[in-house]
Amino acid sequence: PLNSSVPFPIGTTLGLSYIGPENITTPIANIGLVRQAPTVGTMNVGFHPRIYYYGGNTIVYAIVEQPDGKILVGGQFTQVNSDQGGASAGVSRINIARFNKDGSVDTTFNASGVISNASTQAVYDIKLTPAGKILVVYASSPYVIQLNSDGTSDGTFNVNINGGLNSVVSKMELLTVGSNAGKIVIIGQFTSVQGNTTYNVARLNSDGSIDSTFLNTNNYQTPT
């Protein structure tokens, strides 16, 4: 089934399809990406990148298409374009990978120097900045990072100051209009960001520092 999709400029959509048993109780199923054309029931059969978690259950949480047509995928996995041939099959990528427009692995992108543990660093969300940087929400501290276009850490962005965040972030939204354009709204299970009390929602500046003019100090509950 297509359980996640994003629009493509040419009118096709990108979605997910499990390759394997429907009830994934054992870690043996690939997840495949498919492109579905506007005509119902048709898809690009030449496009079939695959994602696999050797030793765990494969999960995809985020799919983002870049302006150049390349596709970023985040979740929990250890290999891409694997045929489940074992620990060394396919191309090693931990929880975040980028594919070319034809479905092949983009070897110019590798975030293994930043995200290296498939079980504890699940990637929950990905956003692209106008400057071509890649914002990532993942399951371990500092919870929000920014990558360069090649997957290396962007040192100009730092959330982990004055104690950083005290718990996990699940989603984010990059603001694109108005006076707050470029700032990042984050939602999660935290109660403190960089020494500021704020319950479950906060706004970050483009360098990762907290925007202290936007704090949820009254403990209004937000979705996580």
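Biologist: Where is Val114 found, between which two strands?
Modeller: Strands here are DSSP E runs of at least two residues, numbered from the N terminus. Val114 is in a loop, and the strands on its two sides are β9 (96-99) and β10.

Biologist: What kind of model is this?
Modeller: Residues are numbered from 1 along each chain as its sequence is written, and side-chain values use heavy atoms, without hydrogens and water. Local features need pLDDT of at least 70, side-chain atom pairs count only at pLDDT 80 or more, totals for chains, interfaces and linings use all residues, and the model is predicted.

Biologist: How far apart in space are Val114 and Leu147?
Modeller: Val114 touches Leu147, and also Gln121, Ile145, Gly151, Thr152 and Ser153, leaving aside residues up to four places away in sequence. Contact means heavy atoms within 4.5 Å. Val114 and Leu147 are 33 residues apart in sequence, while their C-alpha to C-alpha distance is 8.7 Å.

Biologist: How many helices and strands does the protein chain have?
Modeller: A helix would be a DSSP run of H or I with at least four residues. The count for the protein chain is zero helices and 18 strands.

Biologist: Which residue of β11 is the bridge partner of Lys127?
Modeller: Strands pair if DSSP finds at least two bridges between them. β10 and β11 (residues 134-138) have five, in the antiparallel sense. Their hairpin has five residues between the strands, and Gly132 takes a positive phi near 90 degrees there. Across the pairing, Lys127 has as its bridge partner Leu135.

Biologist: Why does the aromatic pair tie together parts that are apart in sequence, and how many residues apart are they?
Modeller: The whole structure has one aromatic pair (ring centres of Phe, Tyr or Trp, with its six-membered ring, within 6.5 Å). Tyr61 and Tyr124 form it, edge-to-face (planes over 60 degrees apart), at 5.2 Å centre to centre and 75 degrees between the planes. Tyr61 lies in β5 (residues 59-65) and Tyr124 in β10 (residues 123-128), so the pair joins parts whose separation in sequence is 63 residues.

Biologist: Is Tyr124 buried or exposed, and what is its relative accessible area?
Modeller: Buried means under 20% relative accessible area and exposed over 50%, with partly exposed in between (1.4 Å probe, protein chains only). Tyr61 is partly exposed at 39%. Tyr124 is also partly exposed, at 24%.

Biologist: What is the order of strands in the open sheet of four?
Modeller: The pairing is antiparallel; β14 (residues 184-188) and β17 (residues 201-204), for example, share four bridges, with Val185 opposite Arg203. The edge strands, each pairing on one side only, are β13 (169-174) and β18 (210-215). The order is β13-β14-β17-β18.

Biologist: Which element gives the largest share of the largest nonpolar core?
Modeller: A nonpolar core is a set of buried Ala, Val, Leu, Ile, Met, Phe, Trp, Tyr and Cys residues joined through side-chain atoms within 4.5 Å. The largest has 18 residues, and Val144, Leu165, Val169, Ile184 and Ile186 touch the most other members. Two or more residues come from each of β11, β13, β14 and β17. The largest share, three residues, is from β13.

Biologist: What percentage of the residues of the protein chain count as buried?
Modeller: In soluble globular proteins, nonpolar side chains tend to be buried together. Apart from the largest core lies another, of 17 residues, including Ala62, Ile94, Ile96 and Phe109. Of the 224 residues of the protein chain, the buried share is 46%.

Key:
Rings of Phe, Tyr and Trp (its six-membered ring) pair if their centres lie within 6.5 Å; planes under 30 degrees apart count as stacked, over 60 as edge-to-face and the rest as tilted.
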